Amino acid sequence: MARYILARLLGAIPTVFLVLTLVFFAMRILPGDPAVAALGDNAQPAQLAQYRAKMGLDAPLPLQYVHFLAGLAVLDFGQSFMSDTRVSTLLLHNLPYTIELTVTAVLIGLVLGIPLGVLAATHRNRLPDDAMRIYSLIGYAIPDFYLGAILLVVFSLWLGWFPINGAGTGFWGGLYHVILPAITLALLKSAFIGRLTRASLLDVLGRDYVRTARAKGAGERRVIYRHGLRNALLPLSTGIGLSILATLSGSVAVELVFNRPGVGQLLIEAIHQRDYPVIQGGVIIFALFVVLVNLAMDIVYVFVDPRVRVQA
Amino acid sequence: MITRRKLLGTAAIATAATGLGAPTVRAANADTLKFASAASGPRTADPNRTTQGADNWHCAQIFEYLASPEDGDFGKQPGDFKPALATSWKTSADGKTWTFALRQGVQFHKGHGEMTADDVVHSFMRAKAGGTAVSNYANITSVKASGKYEVAVTLQNPDPMFLGSVIFTKNVMVVSKKAEEEKGDKFGTDPIGTGPYQVDSFEIQKGVFLSRHPQYWGEAGRMAKLQCLYIADSTARTLALLSGDIDMMEAVRAPGWIQQVQGRKSGLHFDMTAPGSFNTLFFNLSKPPLDRLEIRQAIAHAIDAKAIVQALTPMSRETYTLNPPNYPTGFAHDDLPAELRLDYDQAKAKALLKAGGFPNGFKINVNVSQRPDYRSQYLIIQELLRKVGIEVNLSIMDHTAYHDANRRNLNTLTINSSSLPPVPLYVYDLYAASGANMTEDGKGGQNYSHYGVLLPGVDDLLKQMLQTTSFDDYVKVGRQVELKIQRDLPMLGLPTLSYTVARGPNVDLGYEVKGGYAYWSFAKATITG
């Protein structure tokens with residue numbers, strides 16, 4: 001297994017490298033001058049020239065790329081164009097908040113989505129199934145940021161149950177601040193997980209071994225959860241992986257709406273300001289996250305389905 | 001009738017509410033003032049290195065100038081400036097040397113000792129050598145200590161508005177030389193100044209937290225603590241103010257925003273600078289038919305300034321030349337010669353189009369920033385020009401890309417919005433001097449019209465202005481520049497847009513905001529109730 005993980009990690013290096021190279025050149029092709037973004041609209045030509053020289057922006061593009069790769073080799077993402085802060089410091093400060101939000105949202109999404117999917121599958125073409133269908137439709141249709149704004153107005157502004165913004169400190173403070181943004185993401189993800197659970201479970205419940213279990217006189221609860229859901233988890237685990245990645249990307253808008261610190265908000269600001277080092281650092285984090293989640297899902301697959309064996 | 005289901009539902013909601021246990025988002029704290037600006041986090045607290053306007057808010061509480069106008073306004077003439085870290089100043093007969101007597105006994109934050117001439121010299125020289133506004137200090141030849149409490153600044157050319165053009169600019173706010181040398185790069189997050197508030201913590205995800213400077217030389221800050229917070233999203237920031245989570249916020253400069261929030265919470269105050277941002281419409285003289293005066297005049301007469309003001313009310317005010325009427329060289333409507341009044345007149349605009357060879361109007365492509373203040377103005381102008389037959393095709397892009405396009409000669413009708421001080425020469429040098437000509441390689445300046453390059457401009461007048469030694473002469477020549485620009489019309493002053501801060505009903509700022517830069521002092525602020 002260790003060899004398999006190592007091989008997968010090594011295999012991900014070209015992918016991450018390709019993504020980074022694309023981002024490096026794409027950002028520099030986009031119109032927009034980081035020097036003007038940093039020094040303001042009224043910056044004079046001499047100031048701009050001085051700033052470009054200081055930040056290495058006046059060097060030929062291939063040379064900038066070489067510098068970037070050289071830094072990357074020693075895990076140095078460089079310094080933000082907009083502040084005196086190292087990119088690694090910015091990422092380390094913001095990453096825990098994004099992980100906190102993503103993990104909480106996925107957990108809530110699973111806790112909500114799987115039972116809803118089971119309910120819909122076991123009440124096929126009846127009221128719970130129809131309700132689940134409508135819920136999914138709404139879940140797919142409402143954008144994260146819009147739902148977030150609605151929840152913010154209702155639960156924070158009107159009812160005052162949750163804070164308006166920020167991330168809080170300490171475990172309980174963090175939990176109190178993360179709940180509403182996590183619910184925003186989770187409601188939509190639970191719709192996806194619910195639909196997936198329903199489809200997967202319906203497929204399994206039609207299998208011979210389930211019929212056999214029923215014929216042997218196993219109770220309906222046992223049939224559904226022991227024989228049905230366990231086997232339905234297999235395709236579900238892939239869906240959960242996708243859901244984690246979708247939650248991560250959704251966190252960008254939600255961090256903005258709830259004014260939570262996080263890599264998403266950092267990245268958005270950096271894109272607006274053409275802060276290349278921060279963009280590159282943020283993309284590395286997201287790319288690694290994708291690689292690691294996919295790897296984790298593959299490993300989970302092995303444990304969930306004993307028929308699958310690792311061939312490193 | 002109470003059913004089991006209803007009972008369970010009610011109980012669940014009640015339990016949830018009790019469990020969460022925080023119906024009030026923020027307990028009122030009369031000792032702490034919370035202000036939120038429109039950015040995602042602080043970058044630095046070093047006034048010479050700020051790269052976003054939001055960071056100027058905490059800098060304005062931490063650092064001070066040698067001289068400054070009354071709180072809440074710009075100094076529009078030399079007499080408007082009052083002693084701050086300098087107690088007095090004098091100018092040499094040739095206007096090239098300014099000598100400042102420093103206030104004695106001023107203590108830096110956190111025991112960093114007394115401010116002396118060395119600190120002032122260091123603060124000026126570092127702004128001249130590097131930082132975010134090097135060009136602004138190019139006229140300074142030397143800054144020398146002529147005693148422990150005296151500093152002499154020598155200039156290349158006289159500058160009757162020196163107090164406004166240099167002294168009251170953030171990059172030369174006085175820093176502790178010793179602290180900066182000790183802290184190096186960390187000075188940006190642990191700054192040492194002389195202001196009424198000192199930094200307790202600088203948190204890049206949240207904001208800058210300050211407390212009263214116990215050894216402040218002047219009247220102590222009225223609030224014990226300040227929090228300069230950052231909420232980039234305008235909806236989140238607005239909700240934070242409405243909920244009482246923050247006390248003050250940078251307003252959203254979009255049509256109807258003030259009316260909307262007033263409808264949701266009564267008693268809010270809105271502090272606005274006048275003029276705030278200059279909004280200047282540059283006609284790119286290299287893009288026909290904008291090279292024809294009649295066409296530029298037609299566009300000017302087709303724009304109903306009052307409609308723009310009304311759409312952005314109460315944040316917008318009319319302006320009649322490049323500089324707004326409340327600036328030294330600006331003109332009020334009735335002070336302008338009749339032929340230079342660019343009043344809204346569709347018939348006149350159509351006649352001018354005809355005279356310029358376009359009786360049926362024309363089509364023009366224009367790049368637009370997606371920023372709400374830019375977008376609003378462009379959309380109104382598009383509609384107004386359509387009425388006289390000019391079809392404007394707008395391409396909306398993000399703000400950074402927009403400025404890049406402007407600086408590369410890719411726009412035709414360029415609006416530039418900027419909060420400019422009442423220092424006329426600075427404005428003319430920035431927008432109208434041939435030396436500031438915008439070039440296709442993006443390395444030029446902000447003269448987006450190519451005025452003085454494709455059309456004889458105001459360079460000679462600017463040279464005259466640069467040699468004046470009295471403020472009256474300076475203004476006199478400046479007003480000639482203003483009229484020449486109005487006559488040639490390479491650019492047009494659009495209605496200004498105030499920088500606006502919304503303040504909770506229980507927050508008293510301690511003074512009235514009339515003008516000034518887009519940041520101001522909280523030293524006199526109090527929270528009641």
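User: Hi! Which residue follows helix 3 of chain B, and what is the sign of its phi?
Analyst: Gly131(B) follows helix 3 of chain B, and its phi is positive, near 130°. Helices here are DSSP runs of H or I with at least four residues, strands are E runs of at least two, and both are numbered from the N terminus.

User: Anything I should know about the model itself?
Analyst: It is a predicted model, where local features need pLDDT of at least 70 and side-chain atom pairs count only at pLDDT 80 or more, while totals for chains, interfaces and linings use all residues. Residues are numbered from 1 along each chain as its sequence is written, and chains are lettered from A and ligands numbered from 1 in the order in which they are written.

User: Back to helix 3 of chain B: what span should its 13 residues have?
Analyst: Residues 117-129 should span 18 Å at 1.5 Å a residue, and the end C-alpha atoms are 18 Å apart, so the two agree. The expected span is 1.5 Å times one less than the number of residues.

User: Which of its residues are buried?
Analyst: The buried ones are Ala117(B), Asp119(B), Val120(B), His122(B), Ser123(B), Phe124(B), Ala127(B) and Lys128(B). Buried means 20 or more other C-beta atoms within 10 Å of the residue's own, exposed means 12 or fewer, and partly exposed is in between, with C-beta atoms placed from the backbone.

User: And what covers them?
Analyst: The cover includes strand 5 (97-102), strand 6 (140-147), strand 7 (150-155) and helix 5 (177-183) of chain B. Contact means C-beta atoms, placed from the backbone, within 7 Å.

User: New topic: where are the cis peptide bonds at Pro275(B) and Pro289(B)?
Analyst: One joins Ala274(B) and Pro275(B), with omega about 10°; Pro275(B) is in the loop between strand 12 (269-272) and strand 13 (277-283) of chain B. Another joins Pro288(B) and Pro289(B), with omega about 5°, and Pro289(B) sits in the loop between strand 13 and helix 8 (293-302) of chain B.

User: What about His450(B), buried or exposed?
Analyst: His450(B) is buried, because 23 other C-beta atoms lie within 10 Å. Its phi is positive, about 70°, although it is not a glycine. You'll find His450(B) in the loop between helix 13 (424-431) and helix 14 (459-467) of chain B.

User: And Leu75(A), buried or exposed?
Analyst: Leu75(A) counts as exposed, because it has 8 C-beta neighbours inside 10 Å. Phi of Leu75(A) is also positive, near 55°, and its loop runs between helix 4 (61-73) and helix 5 (87-122) of chain A.

Methods: Contact = placed C-beta atoms within 7 Å.
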